[in-house]
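Work through the exercises below with the coordinates open. Each task is followed by a solution in steps.

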Amino acid sequence: MADRRRPAPTGPPGSGRRPGRPALRVAAASAAAGCVLVGAVAVTVAVVAGPGPGLTGYVSEAGVADSGYAATYRIGVFALAGGLLLLAAALPSAVRVAAGLLAAGGVCAALSGMVTCSAGCPLPPFERATVADLVHGGASIAATASVVFAMLAVLFTPAAAPRLRRLAACGAAVSLPLAGAVGLAMLVVGRGTLVGVLERVLLAVCAVWGLATATALARRRR
């Protein structure tokens, strides 16, 4: 009679699992946490130490070509873009919608780093914007929106791990009102202290959520 025994598992003794995919996701999560941390620090340094207008301007003004910290700002943006892509790869298959949103956000963030806005980063309806301004601004807004929607996708996925859903709930509870306030203020008030402060807080919340989620995935035991 033919031997119908199951093949021996390729994982560690006693595990009965193949270690490849979980190990890769843990590595991607660890790398994502590092990229988000480095990117957030670099962008913060460029915004605080750069010659920008302070809280009355946009964060993107730190990356204007004539800014002494433009290179630091772009390095930070590209690191954040890489962090979003790595976080998308680290998420389990149960939250593939969130992973797709984070991947799209990473691509948009990279585009915003490649296309530099003009001085002041003008945006309609109160300022005349160039094509580069519109591309940069649109990519930045799309990247932030993708992260916020990814929080909601994790939150409303019953199969997601409870810890991930709790982090998503906290992030969405803070970022959703902020995102709405930023959009409304840009249309009604325009560039100024209100938009500048709200934008910075929203970006900080997105970065903290990304770092916390990546850290939770990296520390998760198989």
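The exercises go from the fold to the cores, the pocket, the salt bridges and three buried small residues.

The model is predicted, so local features need pLDDT of at least 70 and side-chain atom pairs count only at pLDDT 80 or more, while totals for chains, interfaces and linings use all residues. Residues are numbered from 1 along each chain as its sequence is written, and side-chain values use heavy atoms, with hydrogens and water left out.

**Exercise 1. Fold**

Task: State how many helices and strands the protein chain has, and what percentage of its residues is buried.

Solution.
- Step 1. Take helices (H or I, at least four residues) and strands (E, at least two) as DSSP runs, numbered from the N terminus. The protein chain has six helices and zero strands.
- Step 2. Read from the N terminus on, the order of elements is α-α-α-α-α-α.
- Step 3. Call a residue buried under 20% relative accessible area, exposed over 50% and partly exposed in between (1.4 Å probe, protein chains only). Of the 222 residues in the protein chain, 41% are buried.
- Step 4. Define a contact as heavy atoms within 4.5 Å. Among contacts between residues at least 6 apart in sequence, 70% join residues at least 24 apart.

**Exercise 2. Nonpolar cores**

Task: Find the largest nonpolar core and the elements that give two or more residues to it.

Solution.
- Step 1. Collect buried Ala, Val, Leu, Ile, Met, Phe, Trp, Tyr and Cys residues joined through side-chain atoms within 4.5 Å; such a set is a nonpolar core.
- Step 2. The largest set holds 43 residues, and Leu 87, Leu 91, Ala 98, Leu 102, Val 147, Trp 209 and Leu 217 have the most contacts inside it.
- Step 3. Two or more residues come from each of H1 (20–49), H2 (70–90), H3 (96–114), H4 (131–155), H5 (162–188) and H6 (193–219). H6 supplies the largest share, nine residues.
- Step 4. Take Val 147 as an example: not counting residues up to four places away in sequence, Val 147 touches Leu 84, Leu 102, Cys 206 and Trp 209.
- Step 5. A second, separate core has six residues, including Val 43, Ala 62, Tyr 73 and Val 77.

**Exercise 3. Largest pocket**

Task: Give the volume of the largest pocket and describe its lining by class.

Solution.
- Step 1. On a 1 Å grid over the protein atoms alone, a pocket is an open set of points where a 1.4 Å probe fits, with protein on both sides within 12 Å along at least five of seven lines; lining residues have an atom within 4 Å of a point.
- Step 2. Join grid points across faces, edges and corners, and take the volume as the space filled by probe spheres set on the points. The largest pocket comes to about 1200 Å³.
- Step 3. Its lining has 47 residues, and Val 59, Ser 140, Thr 144, Glu 199 and Leu 203 are the closest to the centre.
- Step 4. H4 contributes the most to this lining, with 13 residues.
- Step 5. Count Ala, Val, Leu, Ile, Met, Phe, Trp, Tyr, Cys and Pro as nonpolar, Asp, Glu, Lys and Arg as charged, and the others, Gly among them, as polar. The lining then divides into 34 nonpolar, 10 polar and three charged residues.

**Exercise 4. Salt bridges**

Task: Which residue forms a salt bridge with Glu 61, and where in the chain do the partners lie?

Solution.
- Step 1. Look for a side-chain nitrogen of Lys or Arg within 4 Å of a carboxyl oxygen of Asp or Glu. The whole structure has two such salt bridges.
- Step 2. Glu 61 pairs with Arg 191, the closest N and O atoms being 3.1 Å apart.
- Step 3. Glu 61 is in the loop between H1 and H2 and Arg 191 in the loop between H5 and H6, 130 residues apart.
- Step 4. Glu 61 is buried at 9% relative accessible area, whereas Arg 191 is partly exposed at 33%.
- Step 5. Glu 199 and Arg 200 form a salt bridge at 3.9 Å, N to O. Glu 199 is buried, at 16%.

**Exercise 5. Small residues in helices**

Task: Which residues do Ser 175, Gly 83 and Gly 113 touch, leaving aside those within four places in sequence?

Solution.
- Step 1. Ser 175 is in H5 and counts as buried because its relative accessibility is 0%. Its contacts are Val 148, Met 151, Leu 202 and Val 205.
- Step 2. Gly 83 lies in H2 and is buried, at 1%. Gly 83 touches Ala 32, Cys 35 and Val 36.
- Step 3. Gly 113 belongs to H3 and is buried, at 5%. Gly 113 is in contact with Arg 74, Val 77 and Phe 78.
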